[in-house]
Amino acid sequence: MENFAEFGKAELKGWSEPQTAKAYGEGFASAAEQCVADIVETSLVTNGSVALDVCCGQGIVAKGLATAGAEVIGLDFSPAMLEIARREVPMVDFVEGDATTLPFADNSFDAVTMGFGILHIPNAEAAIKEAKRVLKPGGRFVYSVWESPETSAAFRIVFGAIERFGSKDVSLPPGPPLHAFANPEYAYPILIAAGFTEPHMRSSSSVWEVSDPATPFDYFHDGTVRGALLLRSQPAENASAIRAAIAKAVQVEFGSVAPWRVPIPAAIVSATA
């Protein structure tokens with residue numbers, strides 16, 4: 001496995017910044033929230049289920065699981081995210097921890113969920129093995145991940161603009177592929193190698209509804225880590241050109257009048273322990 005240590009440090013540092021956590025919750029996460037119902041439904045939790053939400057962020061999936069009747073623990077590595085989660089979802093117990101070394105006993109949970117966390121983990125395979133370890137036999141593991149630019153207008157428009165107008169002197173530390181876990185040919189063998197059976201993938205529709213066509217730039221700039229590393233390091237003229245290109249592309253594809261609805265679909269992937 002490749003060494004993504006610098007990527008991991010950048011992820012922890014970025015998501016631990018209160019302003020990034022706040023901006024994600026107020027902007028980018030408007031799409032993630034639309035996928036919660038599909039994640040909860042796929043997890044098969046019912047009244048009395050015990051569930052673990054890994055990489056819980058501000059607690060939107062944990063809240064959905066609790067609303068469905070489950071007893072829920074949420075875990076995240078970001079104190080800033082956990083502060084929001086504890087304030088917004090008081091009915092759930094949230095703990096700080098590492099997805100690759102879960103502080104729970106074997107066979108503890110009926111379901112383990114991971115809402116858009118897998119793309120932030122340097123060693124996703126280890127996190128998947130940990131999910132398998134803490135699940136009861138027959139329990140469900142469900143994760144969500146953003147679909148690739150081939151099907152996601154949001155990612156195609158934003159990263160297309162970065163490719164065209166971004167400075168070639170700005171780069172990211174080596175990290176795991178952003179959309180690989182939305183590809184069954186990549187994801188299923190890893191799930192099976194971890195001991196899971198019956199891997200399944202479905203698409204979950206979500207959109208950003210925005211009043212400014214340049215808002216996707218702001219969502220990535222203010223409320224992400226990978227995107228922010230690319231955008232915040234741009235010279236001013238490059239950043240301005242990227243933002244203008246995003247606004248133009250949104251208007252060309254989705255009309256000249258607000259509001260604009262920019263698709264950003266997700267893959268919901270499940271497997272049985």
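Helix 9, spanning residues 215–223, contributes T215, P216, F217, Y219, F220 and G223 to the buried part of this structure, which is a predicted model. The partners of these buried residues come from several parts of the chain. Among the helices, they pack against helix 1 (5–15), helix 2 (18–34) and helix 7 (153–165), as well as helix 10 (226–231) and helix 11 (236–254). A strand takes part too: strand 7 (207–210) also packs against the buried residues of helix 9.

A charged residue away from the surface offers a second point of interest. D53 sits in strand 1, which covers residues 50–54. What is the nearest side chain of opposite charge to this buried residue? It is K63, 13 Å away, and D53 has no salt bridge. With the salt-bridge cut-off set at 4 Å between a side-chain nitrogen of Lys or Arg and a carboxyl oxygen of Asp or Glu, K63 at 13 Å does not pair with D53. The side chain of D53 does have a polar atom 3.3 Å from the backbone nitrogen of A62. A62 also appears among the contacts of D53, once neighbours within four places in sequence are left aside. In that set, A62 is joined by V61 and L65, by I73, G74 and L75, and by T113, M114 and G115.

Elsewhere, charged side chains do find partners. Side chains of opposite charge can pair when their charged atoms come close. The model holds 14 salt bridges in total, and a few of them are worth a closer look.

One of these joins E41 and R202, with an N to O distance of 3.0 Å. Because E41 belongs to helix 3 (residues 36–43) and R202 to strand 6 (residues 197–204), this pair ties together parts that are 161 residues apart in sequence. R202 is partly exposed, its relative accessible area being 27%.

Another salt bridge links K13 to E17, where the closest N and O atoms are 3.5 Å apart. Is K13 buried or exposed? With a relative accessibility of 58%, K13 counts as exposed. The pair does not stand alone, for K13, E17 and R232 are linked in a network of salt bridges.

A further salt bridge brings together the side chains of R87 and E88, at 3.6 Å from N to O. Here R87 counts as exposed, at 52% relative accessibility, whereas E88 is partly exposed, with a relative accessible area of 48%. The two values fall on either side of the 50% limit above which a residue counts as exposed, so R87 is classed as exposed and E88 as partly exposed.

Notes
Residues are numbered from 1 along each chain as its sequence is written. This is a predicted model: local features need pLDDT of at least 70, side-chain atom pairs count only at pLDDT 80 or more; totals for chains, interfaces and linings use all residues. Side-chain values use heavy atoms; hydrogens and water are left out. Buried means under 20% relative accessible area, exposed over 50%, partly exposed in between (1.4 Å probe, protein chains only). Helices (H or I, at least four residues) and strands (E, at least two) are DSSP runs, numbered from the N terminus. Contact means heavy atoms within 4.5 Å. Lys and Arg count as positive and Asp and Glu as negative; His and the chain ends are not counted. A polar contact is a pair of N or O atoms within 3.5 Å; within protein, one must be able to donate a hydrogen and the other to accept it, and residues adjacent in sequence count only if both atoms are side-chain atoms.
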